[in-house]
Amino acid sequence: MKSEAEIMTVEEAKQKVIDGGLILEHNGQADLTRGHLSVRVPGDPNHFFMKPHSYGFDEITMDNIVICNLDGEKVGGGGRRHSEVFIHSEIYKARPDVNSVIHSHPDNAVALSATGKQLKMISQPSVAFADGLPYYTDTIDLIRSKDMGEGVAKALGQCKAVLMRNHGVAVVGRSVEETVILAIMLENACRIQLLAEAAGGIGDTFDAEYIERLHYNISRPEQYSINFEYLKRKVMRGRG
């Protein structure tokens, strides 16, 4: 069975990056022009489309999207390549199942990462990461080398996301829709945990059977596509 990355056209894949950027911008994932989103080129797993350097998430266009290879080199497109391209290229090398990567610096995820605490299964958004949310702790610095990108990919392992301590997050998925929705859910989960702990601490939690059932229900592909399309419509209404 073909993956979405193989079924989409090049133009459709680029449009997903544009739409994903608008959604991320309007859902608190932006940090000036920092942060980036990518998707594998349809039918060509050794190359990926990526948001350009020096532009915000809401400024991605068909003309400025960058094309990179798995060595992190720019091979096409009108924009500048991000210096942190190696987060993307090294994750794509390590994870053939991944078709999209996001790196962003959302406030609550950075705040939780600064505490060193593990994400707790106390909300529906948190349960999306019940299969693990590891930490990358090597540096707070920009990920500007293959070795550093490989470190992020190694810390991520087979999980959906990794907290980069005091820096941000890297989130992955089988599609742009999945990656964008997971990035938003992760930020929501971190915010809820910080609020609960600030309000006096976390009380009783549900047992593993409930967590496993909810994880299945909210991790199906249609959940990502339905909510991505909703957020896209919401953004378009706001721009109209």
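This is a short chat about the helices and nonpolar cores of a predicted model.

Me: What kind of model is this, and how are residues numbered?
Reply: The model is predicted, so to speak of local features needs pLDDT of at least 70, side-chain atom pairs count only at pLDDT 80 or more, and totals for chains, interfaces and linings use all residues. Residues are numbered from 1 along each chain as its sequence is written, and side-chain values use heavy atoms, with hydrogens and water left out.

Me: How do H2 and H9 cross?
Reply: The axes (lines fitted to C-alpha atoms over the stretch in contact, with angles from 0 to 180 degrees between N-to-C directions) of helix H2 (residues 10–25) and helix H9 (residues 221–239) come within 9 Å and cross at roughly 70°. Helices here are DSSP runs of H or I with at least four residues, and strands are E runs of at least two, numbered from the N terminus.

Me: Which residues of H2 meet H9?
Reply: Lys16, Asp19, Gly20, Leu22 and Ile23 do, with contact meaning heavy atoms within 4.5 Å.

Me: Switching topic, which residues have the most contacts inside the largest nonpolar core?
Reply: They are Leu119, Phe129, Val180 and Leu186, in a core of 43 residues. Such a core is a set of buried Ala, Val, Leu, Ile, Met, Phe, Trp, Tyr and Cys residues joined through side-chain atoms within 4.5 Å, where buried means under 20% relative accessible area with a 1.4 Å probe, protein chains only.

Me: Which helix gives the most to it?
Reply: H7 does, with 10 residues.

Definitions and conventions
Buried < 20%, exposed > 50% of the residue type's maximum accessible area, 1.4 Å probe, protein only.
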